[in-house]
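User: Please take a close look at one part of this model, the helix that is best enclosed by its surroundings, and place it in the context of the chain. I would welcome a connected account that begins at the ligand.

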Amino acid sequence: MRLGEKLRTTDVDRSNQTRAAESDLASVHLAKRGTVSESASASKVTTDPLVELKLRAQEALFGRLGARLYDSSLSDEQLRDTVLEELAAIVRQEPTPLTSVERAQVVTDLADDVLGYGPMQRFLADHDVTEIMVNGCEDIYVERRGRLHRTTARFVSEAHLRRVIDRIVSQVGRRVDESSPMVDARLPDGSRVNAIIPPLSVDGPVLTVRKFAHDPYHADDLIGMGTFTHETVELLRACVRGRLNALVTGGTGTGKTTLLNVLSAFIPDDERIVTIEDSVELQMNQHHVVRLESRPANVEGRGAVAIRDLVRNALRMRPDRIIVGEVRGGEALDMLQAMNTGHDGSLSTVHANTPRDAIARLETMVLMAGMDLPDRAVREQIASALDVIVHLSRFRDGSRRVTHVTEVVGMEGAVVTLQDVFAFDYTAGIGDDGRHRGSLGPTGIRPAFADRLADLGVTLAAGTFGTPDILTAGRRR
Ligand SMILES: Nc1ncnc2c1ncn2[C@@H]1O[C@H](COP(=O)(O)OP(=O)(O)O)[C@@H](O)[C@H]1O
Ligand SMILES: [Mg+2]
């Protein structure tokens with residue numbers, strides 16, 4: 001059995017054997033270099049009998065391979081194979097008796113440090129972890145199930161962390177240094193990475209990884225987590241099938257992209273879909289999908305391709321639907337124009353605090369296109385382009401929920417009129433378990449788009465919109 005295979009077969013053991021080994025290895029380095037107090041690291045050193053061995057093996061590896069470790073003519077696989085073979089040979093010569101599991105563990109830990117993302121590697125492999133936050137070399141936090149945890153993992157030194165950052169950003173042809181101290185990149189698996197280094201980050205390099213969801217949430221998962229109800233899903237499915245132009249709104253991390261992905265799944269399989277994103281997050285199940293991704297400028301500051309350019313290009317690609325991951329700037333104008341000129345059923349997200357706020361932000365973003373349109377014309381564009389806004393909020397109990405399904409009705413005077421079709425009931429209060437007991441329900445208002453859906457043969461269950469109620473019926477804003 002080749003080493004690589006062997007390592008894979010021991011993956012399970014690895015994850016069970018957990019944190020201790022890697023962080024201990026790091027603390028020995030730190031102790032050696034005198035960068036942390038001896039007492040703090042000494043207690044950890046004694047917990048892993050393999051630490052000394054790993055250190056010896058690492059030194060031997062650098063001795064044997066030297067500059068070949070940075071040989072760019074070797075492919076990643078060749079390099080990995082070489083490193084694993086050398087490490088296996090080194091570990092075999094060790095006088096310390098080792099079980100085969102221990103031997104594999106030592107080799108993998110060292111290979112992670114030398115070739116991969118060091119102490120982050122195992123969090124990248126752990127599907128429960130959704131985000132990884134590295135605050136300088138000694139502090140690594142992860143998010144699991146929406147909650148932050150501090151880990152005991154750490155980088156050997158600031159230089160070690162910088163090496164990992166360099167490895168990540170150079171893979172996408174970028175670099176991080178004093179002249180460009182902030183950079184966005186992407187790991188080969190699609191995870192998004194942001195790095196910012198001193199002097200901008202005061203206490204050392206900071207790396208933030210939002211992991212690519214290998215198994216994205218489906219509508220049922222979101223129902224299970226209390227994000228919305230079955231009735232809401234049915235309404236939203238009808239909106240998407242009925243080709244309404246929809247906008248998902250909410251703050252950062254409220255689940256906009258996740259919901260956009262869920263909504264996109266409702267698009268029939270026989271339509272041509274063009275998706276446009278800053279970095280690919282959407283995971284479409286349909287066959288006929290063209291994915292476009294914007295590009296930042298290169299190190300010389302050239303070659304940038306903005307979302308806006310891609311939206312314009314997409315219009316020439318005979319799309320049935322255009323999905324823009326997030327509208328942030330001047331592309332808002334192109335997106336609205338597309339929606340107004342027959343590209344119905346387009347979907348996007350906007351960062352906003354309320355549905356009303358989303359309209360205001362869209363107005364500002366349209367102005368960023370630099371066309372100098374009168375306010376009223378901009379609002380008319382917005383009012384006629386958009387049909388429905390789905391707003392998300394993150395609650396104090398950690399849950400993310402849809403709080404509004406709002407119809408964009410039209411204009412009243414100079415104002416875009418909105419009307420909540422579904423709204424969250426905040427009056428239910430907090431339960432004993434700390435979770436909000438409220439839920440999303442119909443306001444009793446039948447939206448104008450219900451007729452359009454009916455015309456298209458998209459049917460909704462009787463009572464979807466509830467019964468008109470004297471209190472809620474007046475909720476026109
Ligand atoms: N409805 C939800 N319930 C719980 N967690 C969610 C939900 N939607 C998204 N998440 C998690 O929240 C994080 C941010 O989600 P994302 O969709 O990227 O947010 P946004 O696009 O608003 O910044 C992800 O880790 C995701 O797994
Ligand atoms: Mg997003």
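Analyst:
**From the ligand to an enclosed helix**

Helix α12 (residues 256-264) contributes the most to the shell around ligand 1, supplying three residues. Helices (H or I, at least four residues) and strands (E, at least two) are DSSP runs, numbered from the N terminus. The model is predicted: local features require pLDDT of at least 70 and side-chain atom pairs pLDDT 80 or more, while totals for chains, interfaces and linings use all residues. Residues are numbered from 1 along each chain as written, and chains are lettered from A and ligands numbered from 1 in written order.

The shell around ligand 1 contains 15 residues (C-beta, placed from the backbone, within 6 Å). Thr227, Gly255, Lys256, Thr257 and Thr258 are the closest of these to ligand 1. By class, the shell has three nonpolar, ten polar and two charged residues. Here Ala, Val, Leu, Ile, Met, Phe, Trp, Tyr, Cys and Pro count as nonpolar, Asp, Glu, Lys and Arg as charged, and the others, Gly among them, as polar.

The chain as a whole provides the setting. It comprises 17 helices and 15 strands. Of its 477 residues, 37% are buried (20 or more other C-beta atoms within 10 Å; exposed means 12 or fewer, partly exposed in between). Among contacts with a separation of 6 or more, 56% join residues 24 or more positions apart; a contact is a pair of C-beta atoms within 7 Å.

The helix requested is α14 (residues 331-340). Eight of its ten residues are buried, so helix α14 is largely enclosed by the rest of the structure. The buried residues are Glu331, Ala332, Leu333, Asp334, Met335, Leu336, Ala338 and Met339. They pack against three helices, α13 (307-315), α15 (355-368) and α16 (375-385), and against two strands, β10 (321-324) and β11 (347-351). After α14 comes Gly342, which has a positive phi, near 95°.

Two packed helices are described by the angle between their axes and the distance between the axes. Axes are fitted to C-alpha atoms over the stretch in contact, with angles from 0 to 180 degrees between N-to-C directions. For α13 and α14, the axes come within 8 Å and cross at roughly 20°. The two helices are therefore roughly parallel to each other (under 35 degrees; over 145 is roughly antiparallel, 65 to 115 roughly perpendicular, the rest oblique). On the α13 side, Ile307, Arg308, Val311, Arg312 and Leu315 meet Glu331, Asp334, Met335 and Ala338 of α14. This contact of α13 with α14 has five nonpolar, no polar and four charged residues.

Two other partners of α14 also pack against each other. The axes of α15 and α16 come within 10 Å and cross at roughly 125°, which means that α15 is oblique to α16. Ile359, Leu362, Glu363 and Val366 of α15 make the contact with Val378, Arg379 and Ile382 of α16. By class, the contact of α15 with α16 has five nonpolar, no polar and two charged residues.

From α13 the picture extends to strand β8 (residues 273-277), where Ile276 is found. Ile276 is buried, having 27 other C-beta atoms within 10 Å. Leaving out residues up to four places away in sequence, Ile276 touches Ile307, Leu310, Val311, Ala314, Leu292, Ile322, Val324 and Gly325. Ile276 and Ile322 lie 46 residues apart in sequence, yet their C-alpha atoms are 7.6 Å apart.

Beyond α16, the loop leading to β12 (388-394) holds Leu386. Leu386 counts as buried because 27 C-beta neighbours lie inside 10 Å. Apart from neighbours within four places in sequence, Leu386 is in contact with Asn245, Leu247 and Val408. Between Leu386 and Gly410 the sequence separation is 24 residues and the C-alpha to C-alpha distance is 9.1 Å.

A further helix pair from elsewhere in the chain may be set beside these. Helix α6 (residues 76-92) and helix α7 (residues 100-115) pack at an angle of about 140°, with axes 10 Å apart, so α6 is oblique to α7. In α6, Leu79, Arg80, Val83, Leu84, Leu87, Ala88 and Val91 meet Arg103, Val106, Val107, Leu110, Ala111, Val114 and Leu115 of α7. The contact of α6 with α7 has twelve nonpolar, no polar and two charged residues.
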